[in-house]
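Dear colleague,

Please find below the structure that I am handing over to you. My notes on what was found in it follow directly after.

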Amino acid sequence: MDTPEASFLTWQQQFNTEQDCLNHLKQLKWPNGFVCPRCAHDKGTELHCRQLTECDHCHKQASITSNTLFHNSNLPLIKWFWALYFIDSDKGSISALRLSKLIEVNWRTAQLILKKVRAAMGNNDSLYRLSGTIVLDVAFICGKHKGNRGRDA
Ligand SMILES: [Zn+2]
């Protein structure tokens, strides 16, 4: 039996709060700090909701979740992150009912999450790690994954 690369405990410590998830996404999106998507200026101001950063130069508001699975979702990031963990642990075969109980959402929401995640997975030849030491692959969550990444990446 395969075990997820990231243990439950590790995942739990790493993504304990909404802020942890947000910071992680931010790190993936702007590894060298904020870059404005419109003018490439490198200084921005975080708005109070923290999901948006406003460019100090052209005032474009850049969302951390744009172009990701999480875009336009009202669901807290932490629930998404945990959904990814559970889906990955079950190799994608988890039921909507079980997922809904694990992350405390209704069945409909769980069904939607599964649909989105499976669609993203469908772009790959084989299911690759959503969790693990690399945690979340930015290519995956941005839906831009191409080719074989494999499990040894
Ligand atoms: Zn700008």
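I begin at the end of helix 3, which is followed by Lys91, a residue with a positive phi near 55 degrees. Please bear in mind throughout that this is a predicted model.

Helix 3

This helix comprises residues 77-89. Helix 3 has 13 residues and spans 18 Å from its first C-alpha to its last, close to the 18 Å expected at 1.5 Å a residue. Is helix 3 mostly covered or mostly uncovered? Helix 3 is mostly covered, with 10 of its 13 residues buried. The buried residues include the aromatic names Trp80, Phe81, Tyr85 and Phe86. Leu77, Ala83, Leu84 and Ile87 of helix 3 are buried as well, and so are Lys79 and Asp88.

Helix 3 also meets helix 2. The axes of helix 2 and helix 3 come within 8 Å and cross at roughly 75 degrees. Because angles of 65 to 115 degrees count as roughly perpendicular, helix 2 is roughly perpendicular to helix 3. On the side of helix 2, the contact is made by Glu18, Cys21 and Leu22; on the side of helix 3, it is made by Leu77, Ile78 and Phe81. The residues of this contact divide into five nonpolar, no polar and one charged.

A further point concerns Ile87 and Arg118. Their C-alpha atoms are separated by 9.2 Å, and the two residues are 31 apart along the chain. Arg118 lies in helix 5. Arg118 counts as partly exposed because it has 13 C-beta neighbours inside 10 Å, whereas Ile87 is buried.

The fold as a whole

The protein contains six helices and three strands. Along the sequence, these elements follow the pattern α-α-β-β-β-α-α-α-α. Of the 153 residues, 23% count as buried. Among contacts between residues at least 6 apart in sequence, 45% join residues at least 24 apart.

The sheet

The three strands form an open sheet with the order 1-2-3 and antiparallel pairing. Strand 1 and strand 3 stand at the edges, each with a single partner strand, so one side of each is left without a neighbour in the sheet. From one strand to the next, the twist averages 30 degrees.

Strand 1 and strand 2 run antiparallel and are joined by three bridges. Gly44 has Cys55 of strand 2 as its bridge partner, and Glu46 stands opposite Thr53 in strand 2. Strand 2 and strand 3 also run antiparallel, and three bridges join them. Here Leu52 stands opposite Ser63 in strand 3.

Which residues of strand 2 point to the buried face? Thr53 and Cys55 point to one face and are buried, while Leu52 and Glu54 point to the other and are not buried. In a regular strand the side chains alternate between the two faces of the sheet.

Positive phi values

Most residues other than glycine have a negative phi. The following residues may therefore merit your attention when you look at the backbone, in addition to Lys91, whose phi is positive.

- Ala40 has a positive phi of about 65 degrees although it is not a glycine. Ala40 lies in the loop between helix 2 (18-29) and strand 1 (44-46). With 10 other C-beta atoms within 10 Å, Ala40 is exposed, because a residue with 12 or fewer such neighbours counts as exposed.
- His59 takes a positive phi near 65 degrees. His59 belongs to the hairpin of strand 2 and strand 3, which has five residues between the strands.
- Glu104 has a positive phi near 55 degrees and is likewise a residue other than glycine. Glu104 lies in the loop between helix 4 (96-102) and helix 5 (107-121). Glu104 counts as exposed, with 10 C-beta neighbours inside 10 Å.

With kind regards

Definitions and conventions. Residues are numbered from 1 along each chain as its sequence is written. This is a predicted model: local features need pLDDT of at least 70, side-chain atom pairs count only at pLDDT 80 or more; totals for chains, interfaces and linings use all residues. Helices (H or I, at least four residues) and strands (E, at least two) are DSSP runs, numbered from the N terminus. A residue is buried if 20 or more other C-beta atoms lie within 10 Å of its own, exposed if 12 or fewer, and partly exposed in between; C-beta atoms are placed from the backbone. Axes are lines fitted to C-alpha atoms, for helices over the stretch in contact, and angles run from 0 to 180 degrees between N-to-C directions. Angles under 35 degrees count as roughly parallel, over 145 as roughly antiparallel, 65 to 115 as roughly perpendicular and the rest as oblique. Two residues are in contact if their C-beta atoms, placed from the backbone, lie within 7 Å. Ala, Val, Leu, Ile, Met, Phe, Trp, Tyr, Cys and Pro count as nonpolar, Asp, Glu, Lys and Arg as charged, and the others, Gly among them, as polar. The expected span of a helix is 1.5 Å times one less than its number of residues. Two strands pair if DSSP finds at least two bridges between them.
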